[in-house]
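Hi,

Here is the structure I promised to pass on. Have a look at it first, and then read my notes below.

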Amino acid sequence: MIADILTIVWKESKEFMQGSSRASSVARFVFPIAVAGIFLPWRSGRAYVTGITAAFGLLWMLPMVAVSFTVDAVAGERERHTLESLLATRLSDQAILFGKLAASVLYVWGMMLASLVVGLITVNLRQRHDALLLFSSTYAATLLIVSFLGSILVCGVAVFVSVRASTVRQAAQTLLYGYIAIIFGAIFAAQALPVSWRLPVRQILLGTSSIQSQFVAGLIFVALDLAVLAAARHRFQRPRLILD
Amino acid sequence: MRLNHMADVVIRTTALTRDFQHTRAVDALTLEVPRGIVFGFLGPNGSGKTTTIRMLLGLVAPTSGMATVLGFDVVAHADQIRARSGALLEHSGLYERLSAEDNLELYGRIASLPMRERRARIQELLQSLGLWDRRKERAGAWSRGMKQKLAVARTLLHRPALIFLDEPSAGLDPVAAASLRDELAALAHREGVTVFLTTHNLSEAEKVCARVAVIRQGRLLAEGSPAELRMHTGARRVEIVGRGFSEPVLAMLRSRPEVRSAAQENGRLLLELHKTDTVSPLVSLLVAAGSEIEEIRKGQANLEDVFLSLVEHSRDR
């Protein structure tokens, strides 16, 4: 099973790297990092490592990179008529699904980590302090964990939507509209929260809340991830994929 | 034909049926495919060929009936069937952004071939199909004929006991189709693989298939070797070159019981006779009616005639 998943990861990454043109391949890597790793930290300065700018950058970046990769891996495979041949091999449904998910999560998480590293370099170059500006250890841990769990969540949702979509465009549109609705909904919900509730949310995001709060928030995130993965697994079955 | 030994039969279906909402795509299909041959599965568009292949590969479950492929049940052990067979389906399924070599590399990895064996096998297949020198090129840049050859190579990569080819020559020009057919026949023979081939190209089927089955609307109309089908189903054709084939003469011929059809085309009289009848009494009649005969050519119906006859006959029923 692990070898089969790695085979699909190899295929997905190879196919993604050899996109339609060299320019588009470069743009896929450079543009998100330029925005989240250079533009935002440059404008934020020191607040990048102490405030929620870094988390906001990841939040902005997540759907962009996740949608481009995951939708191409699932809906794109169907659109290009390669899915049925893949399904006609000995690979299990789970190996194909989790191979595609693993490739997507590795790419998305890798891009997020790269943007954080580039962001730190950018903010240090701008501030020119004697001491290095770094995230606090708890904030860094929160960013790493949230970005990882967030990658799984968004990639899982992207697989779920892409399996049903007949084209890449349809899947991408559905996901982006959904994501915009969630982001705006979250912003409005945050503004509607009583002031006394906003502080704990901010503390959780910055990793300054109590260990118990962090743990509960993490558990909720993991539960969401598992629910999405279970739904994607339920939908990603040969007969459905062939007949839909 | 009923084969006695399980080992002789690669595919066996019994009353295999598949319904899609209000449509019966495959209707009680009972079939046996012997080992080591190219088996042609013929039928018009929408006759259930692709659905049959999908059921045999375990991609779609039958509504009723049963089937075994390579001794494995298509519902219970579909993974075993897919591991031991190769498939070129309706679309070539090639990754056009990847090179030809990477396409085969992927399927070699999927088949768990060790690296050294995988590399050697890829080289062997690409060289035998004349594609080795262009292995680094993106598959998407290739002609359709080359892509189909690559897709055939992909199906054979892991030395399967059985391959399914769904219309492999569809969309190819006659030269490319003939080239693919020859390569396919040679490879199948060399590898000792059983080939389950669906095609619209009946001359292709006649040349490469040891046995054929004809289906329409999911029902099996006939099954046998091309020669058997011609014998049992096909009419005998006679072409007479000469003069004086007037309408009354044609009408007189059509009234004869041994004549299935009679027509005049470019000064030639074209007759279709029921299979056992001889032509000499008709020649005597023509001469008596004042026709002049220069040449008589006798021929057997080809598979295309058989196919059309079977399909038309099934429509009439």
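**Where chain A meets chain B**

Putting chain A and chain B together buries about 2600 Å², and carbon and sulfur atoms give 59% of that area. On the chain A side, the residues that lose the most area to chain B are A:Trp10, A:Glu84 and A:Arg90, which together make up 24% of what that side buries. Please keep in mind that this is a predicted model. As for who takes part, chain A brings 26 residues to the contact and chain B brings 29.

How many salt bridges cross the interface of chain A and chain B? The rule finds 3 of them, while the structure holds 35 over all chains. I'd start with A:Glu84, since you've just met that residue: A:Glu84 pairs with B:Arg54, and their closest N and O atoms are 2.7 Å apart. Another salt bridge to look up joins B:Asp102 and A:Lys14, at 3.4 Å from N to O. This pair runs between chains, with B:Asp102 sitting in helix H3 (residues 100–110) of chain B and A:Lys14 in helix H1 of chain A.

**Helix packing inside chain A**

Helix H1 (residues 2–17) of chain A also packs on helix H6 (residues 93–127) of chain A, at an angle of about 50 degrees and with the axes 8 Å apart. H1(A) and H6(A) are therefore oblique to each other, and their crossing is right-handed. From H1(A), the residues in contact include A:Ile5, A:Ile8, A:Val9 and A:Phe16; on the H6(A) side, A:Ile96, A:Phe98, A:Leu106 and A:Tyr107 are among them. Sorted by class, the contact of H1(A) with H6(A) has 11 nonpolar, 1 polar and 4 charged residues.

Now for another pair. Helix H7 (residues 137–164) of chain A packs against helix H10 (residues 211–235) of chain A, with about 20 degrees between them and 9 Å from axis to axis. Are they roughly parallel or roughly antiparallel? An angle under 35 degrees counts as roughly parallel, so H7(A) and H10(A) are roughly parallel to each other. The crossing of H7(A) and H10(A) is left-handed. Among the residues making this contact are A:Leu149, A:Leu153, A:Val157 and A:Phe160 of H7(A), along with A:Phe221, A:Leu224, A:Val228 and A:Leu229 of H10(A). By class, the contact of H7(A) with H10(A) has 15 nonpolar, 5 polar and 3 charged residues.

Cheers

Key. Residues numbered from 1 in each chain as written. Chains lettered and ligands numbered in written order. Predicted model: local features only at pLDDT ≥ 70, side-chain atom pairs only at ≥ 80, totals over all residues. Heavy atoms only, no water. Axes fitted to C-alpha atoms, helices over the stretch in contact; angles between N-to-C directions. Helix = DSSP H or I, 4+ residues; strand = E, 2+ residues; numbered from the N terminus. Parallel < 35°, antiparallel > 145°, perpendicular 65-115°, else oblique. Left-handed = near helix turned anticlockwise from the far one by under 90°. Contact = heavy atoms within 4.5 Å. Nonpolar A, V, L, I, M, F, W, Y, C, P; charged D, E, K, R; others polar. Buried area = accessible area lost by both parts, 1.4 Å probe. Salt bridge = Lys/Arg side-chain N within 4 Å of Asp/Glu carboxyl O.
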